Amino acid sequence: MHELSIVEGVIETVCERLPGARVTSVRLTVGALSGVVTDALLFCFDLATEGTSLAGATLEITPVPGECRCRSCGARFTPDSPILLCPCGSADAEVLAGQELVIASVKVA
Amino acid sequence: MCATCGCSDQPRLRLITGGADPDPPHEHEHGHEHSHGSGRTIALQEKVLARNDALAVANRAWLHSREVLAVNLMSSPGAGKTTLLERTARDLGGELGLSVIEGDQETALDASRISATGCRVVQINTGVGCHLDAATVGDALRTLAPPAGSVVVIENVGNLVCPALFDLGEGARIVLASVTEGADKPVKYPHMFRQADLVLVTKTDLLPYVDFDVARHAADVKLISPAAQLIPLSATTGDGLDAWYDWLRLRRLA
């Protein structure tokens, strides 16, 4: 479950950027094509934050839908799964959005 | 709620569904640090994988400066990564100056198998970790000190999910799919197959005994990763190995 290392990376980054701050919430931006499962992030978060300055903080997640441009027909489309299948039948697509995995903001007490 | 970043005064778990990101990257001078109520919201806009990605860039530069090709070998456990590597090391190890980084949660069993072929090998044990990352691979590369112009194969932890997210600085990504696993793996694990430069279909000597639709598998790989090459092979009989060896030779010169 790579979500645990993702969450640990979040904690490490926040602790480094805001040393000593008591963090009450963390907001992540998570793209639909990022390869990260939101439920798994939420599941890990409480356990992973225990004993850190993020203990007791909540995790807020802003999902970003996937957006692609088909290299065959040029159309923009929103894939309904991680398989980037354009309505024209081609799966040769460029990802324009949805791969985000970003610590957007934190709230401190 | 802050109109700029959408942060709330009520600490609670919130899943915002659909629509636009209420907290788009916003450029403004004040660092977006402000107080309202009891807390302050601080915008970070920092990629979660930034540290790994930066180390991967450093690994790539290190490899490039030595003209070393590193390939990241990924598959589910038991797809035949180590067996293929043993055979490759025996057949081609001298020609390519092959060395290996082995990734497993525990034990040095695979490193012992590779070492028995006469190939230089470093074992990484990830413990609870389910994938290799750029930091450990960077350390392993410096320990291995591969000669200029050689090939390093990084055998990732057997896992079709997690390794897909972590750039190691490799020059190419190779995904193995064994015929015993079933032909549906590319559509079940699209993140992994989407990033593959090469897909090796392994254990083809077992095709007569298993229900593996070769054409369907090839079509699905093409669907998910249109640019990926596909080579069927058997490390047991040697069928298809020439194509794999040619791919390595060509890629090393690229």
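Where does B:Asp213 lie in chain B? In this predicted model, the residue B:Asp213 is found in the loop that runs between strand S9 (198-202) and helix H7 (214-224) of chain B. B:Asp213 is partly exposed, because 13 other C-beta atoms lie within 10 Å, a count above the 12 at which a residue would still be exposed and below the 20 at which burial begins. B:Asp213 and B:Gly182 are separated by 31 residues in sequence, while the distance between their C-alpha atoms is 8.0 Å.

Two further residues of the loop between S9 and H7 may be considered, B:Asp205 and B:Lys203. B:Asp205 counts as partly exposed because it has 16 C-beta neighbours inside 10 Å. Beyond its neighbours within four places in sequence, B:Asp205 is in contact with B:Ser234, B:Thr236, B:Thr237 and B:Asp239. From B:Asp133, which is 72 residues away along the chain, B:Asp205 is separated by 33 Å, C-alpha to C-alpha. B:Lys203 is buried, because 26 other C-beta atoms lie within 10 Å of its own and 20 are enough for burial. The backbone of B:Lys203 has a positive phi of about 65 degrees, although the residue is not a glycine.

A positive phi is also found at B:Glu67, where the value is near 50 degrees and the residue is again other than glycine. B:Glu67 is placed in the loop between helix H1 (50-65) and S4 of chain B. B:Glu67 is exposed, because 12 other C-beta atoms lie within 10 Å and a residue with 12 or fewer is classed in this way.

The overall architecture of chain B comprises 8 helices and 10 strands. Of its 254 residues, 43% count as buried. Among contacts in chain B with a separation of 6 or more, 73% are made by residues 24 or more positions apart.

Strands of a sheet pair through backbone hydrogen bonds, in either a parallel or an antiparallel manner. In chain B, 7 strands form an open sheet with parallel pairing, in the order S6-S5-S7-S4-S8-S9-S10. Strand S6 (120-125) and strand S10 (229-232) of chain B are the edge strands, each pairing on one side only. On average, neighbouring strands of this sheet are turned by 20 degrees against each other, direction being ignored. Helix H4 (residues 134-144) of chain B packs on the sheet and touches strand S5 (99-104), S6 and S7 of chain B. The direction of H4 makes about 155 degrees with that of S6(B).

Within the sheet, strand S4 (residues 69-74) and strand S7 (residues 151-155) of chain B run parallel and are joined by 5 bridges. In this pair, B:Leu69 has B:Val151 of S7(B) as its bridge partner. S5(B) and S6(B) also run parallel, with 6 bridges between them, and B:Ser99 is matched there with its bridge partner B:Arg120 in S6(B). Together with helix H3 (residues 109-115) of chain B, S5(B) and S6(B) make a right-handed β-α-β unit.

In soluble globular proteins, nonpolar side chains tend to be buried together. The largest nonpolar core of the model has 63 residues, of which B:Val153, B:Ile154, B:Ile174, B:Val175 and B:Val199 touch the most other members. S4(B) provides the largest share of this core, with 5 residues. The contacts of B:Ile154, its neighbours within four places in sequence left aside, include B:Ala70, B:Val71, B:Asn72 and B:Leu73 as well as B:Ile101 and B:Leu132. Another core, of 29 residues, lies apart from the largest one and has A:Val7, A:Val23, A:Leu33 and B:Ile42 among its members.

The contact between the chains takes 38 residues from chain B and 35 residues from chain A. On the side of chain B that touches chain A, at least two residues each are supplied by strand S1 (14-15), strand S3 (39-47), helix H6 (190-194) and H7 of chain B. The largest share of this side, 9 residues, comes from S3(B). By residue class, the side of chain B that touches chain A divides into 22 nonpolar, 8 polar and 8 charged residues. Strand S6 (residues 101-108) of chain A and S3(B) run antiparallel and are joined by 6 bridges. The bridge partner of A:Lys107 in S3(B) is B:Thr41.

Note on methods
Residues numbered from 1 in each chain as written. Chains lettered and ligands numbered in written order. Predicted model: local features only at pLDDT ≥ 70, side-chain atom pairs only at ≥ 80, totals over all residues. Pairing = 2+ DSSP bridges. Helix = DSSP H or I, 4+ residues; strand = E, 2+ residues; numbered from the N terminus. Axes fitted to C-alpha atoms, helices over the stretch in contact; angles between N-to-C directions. Contact = placed C-beta atoms within 7 Å. Right-handed = clockwise from strand over helix to strand, strands pointing away. Core = buried A, V, L, I, M, F, W, Y, C linked by C-beta atoms within 7 Å. Nonpolar A, V, L, I, M, F, W, Y, C, P; charged D, E, K, R; others polar.
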